[in-house]
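Grab the model and work through the exercises below. Each one has a task, then a solution taken step by step.

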Amino acid sequence: LLNLRTAAGPRLGVKLPKGILDVAAAAAWYKRPAPMDMDDLLQNGKGGLLTALVTEAADGPASLYLQERTVQHAPLVTRPEKIIMMGFNYRRHAAETNTPIPKNPILFNKYNSALNHHGGTITLPVATATQFDYEVELVIVFGRECRNVSEADALDYVAGYCTGNDFTARDMQYLTTQFMIGKTFDGFAPLGPYLVTSDLVGDPNSLRLECRVNGEQRQDWNTNDMIFNCRQMISFASRMMTIRPGDIFFTGTPHGVVYGKPKD
């Protein structure tokens with residue numbers, strides 16, 4: 001699934017063998033109700049409507065489909081109630097930064113103004129900060145309201161997963177004891193390009209994450225190195241707050257960031 005960037009705002013798309021199904025165009029063609037964007041799908045429980053439309057459009061005209069190379073992406077979600085962040089959640093990353101292994105999940109937050117899209121540009125706030133860093137992460141996207149859930153049931157509340165970049169201004173991150181001000185400048189949360197539904201992903205703690213900077217591989221690791229796995233993080237956070245459909249959870253970055261490199 002993806003959010004298409006249009007002059008009228010984000011529109012939902014579905015990647016299929018014939019191309020990217022423009023859900024709004026298909027809904028108009030078949031005169032069916034359908035979710036207009038990712039937030040409408042997740043927050044208003046319109047999965048059944050989408051499934052029915054996709055099934056009908058499988059044999060539909062080519063005009064309902066876009067070629068992937070022509071698509072302009074919007075952020076995968078645009079109106080989450082919460083963007084939950086996790087710090088120091090990989091053993092190798094904790095080691096490279098000389099950070100003790102945390103006893104409990106380290107949670108902080110970003111805001112919607114930080115959301116960015118696949119292929120987007122981050123405008124560096126150079127008047128405020130000078131030390132910038134990349135952090136590739138697995139991002140959990142929720143499809144059901146989640147409160148006080150067990151670890152055993154935690155993944156049942158997940159709609160799907162995507163990749164994200166917890167872009168960071170390190171000098172602002174450590175200006176105080178709270179990470180938030182170094183993490184939530186405008187555009188500091190790129191998401192995408194796709195949300196892969198949970199049934200296609202299977203075990204989220206057996207996935208490879210990779211980050212390249214100007215073509216150079218900087219991060220290449222597996223989510224099986226997480227200190228707190230996805231089930232544990234969801235259960236822990238759900239005891240502190242109600243997680244709602246459309247909320248997103250950045251799960252921490254593996255080693256290889258600039259901050260972990262030897263200092264000159």
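Before we start, a cut-off: a residue is buried when its relative accessible area is under 20%, exposed when that value is over 50%, and partly exposed in between. Keep in mind that this is a predicted model.

**Exercise 1. Work out whether each partner in the Glu 135 and Arg 170 salt bridge is buried or exposed, and what the pair connects.**

Start with the contact: the closest N and O atoms of Glu 135 and Arg 170 are 2.6 Å apart. Glu 135 sits in the loop between β8 (132-133) and β9, while Arg 170 belongs to helix α5 (residues 170-173), so the salt bridge ties together parts 35 residues apart in sequence. Next, accessibility. Arg 170 comes in at 7%, so it counts as buried. Glu 135 has 4%, so it is buried too. Finally, look around the pair: salt bridges with shared partners put Glu 135 and Arg 170 in one network with Lys 110, Asp 133, Asp 166 and Lys 183.

**Exercise 2. Do the same for Arg 208 and Asp 220.**

The closest N and O atoms here are 2.7 Å apart. Arg 208 is in strand β14 and Asp 220 in strand β15 (residues 216-222), so this salt bridge links parts 12 residues apart in sequence. At 56% relative accessibility, Arg 208 is exposed. Asp 220, at 29%, is partly exposed.

**Exercise 3. Find which residues of helix α3 are buried, and say why they line one face.**

First, list them: in α3 (residues 47-57), the buried ones are Leu 50, Leu 53, Val 54 and Ala 57. Now look down the helix axis: these residues fall within an arc of 100 degrees, so they line one face. Flip to the face turned away, and you'll find Gly 48, Thr 51 and Thr 55 exposed. As for the cover over the buried side, it includes β2 (11-16), β3 (19-22), α1 (23-30), α2 (38-43) and β4 (65-66).

One last step takes us to the largest nonpolar core, with 40 residues; Leu 50 is among those with the most contacts inside it, as are Leu 21 and Ile 248. The largest share of this core, 4 residues, is supplied by α3.

**Exercise 4. Describe how strand β5 is placed, using Ile 84 as your marker.**

Check burial: 5 of the 5 residues of β5 are buried. Then sort them by direction: Ile 83, Met 85 and Gly 87 point one way, Ile 84 and Met 86 the other. That fits the usual pattern, since side chains in a regular strand alternate between the two faces of the sheet. Now for the neighbours. β5 runs antiparallel to β6, joined by 5 bridges, and Ile 84 has Asn 109 as its bridge partner there. With β16 the pairing is parallel, over 3 bridges, and Ile 84 partners Phe 249 in that strand.

**Exercise 5. Explain what goes on at the start of helix α7.**

Begin with the cap: a side-chain oxygen of Asn 229 lies 3.1 Å from the backbone nitrogen of Arg 231, at the N-terminal end of α7. Then add Asn 205, from the loop between α6 (198-201) and β14 (208-213). A polar atom of the Asn 205 side chain lies 3.0 Å from the backbone nitrogen of Cys 230. Asn 205 also touches Asn 229, and at 15% relative accessibility it counts as buried. To finish, step back to the whole helix: 7 of the 9 residues of α7 are buried, and the buried ones pack against β5, β6, β9, β10 and β16.

Methods: Residues numbered from 1 in each chain as written. Predicted model: local features only at pLDDT ≥ 70, side-chain atom pairs only at ≥ 80, totals over all residues. Heavy atoms only, no water. Buried < 20%, exposed > 50% of the residue type's maximum accessible area, 1.4 Å probe, protein only. Helix = DSSP H or I, 4+ residues; strand = E, 2+ residues; numbered from the N terminus. Contact = heavy atoms within 4.5 Å. Polar contact = N/O pair within 3.5 Å; in protein donor to acceptor, adjacent residues only side chain to side chain. Arc of directions from axis to C-beta. Core = buried A, V, L, I, M, F, W, Y, C linked by side-chain atoms within 4.5 Å. Pairing = 2+ DSSP bridges. Salt bridge = Lys/Arg side-chain N within 4 Å of Asp/Glu carboxyl O. Lists of a residue's contacts leave out its neighbours within four places in sequence.
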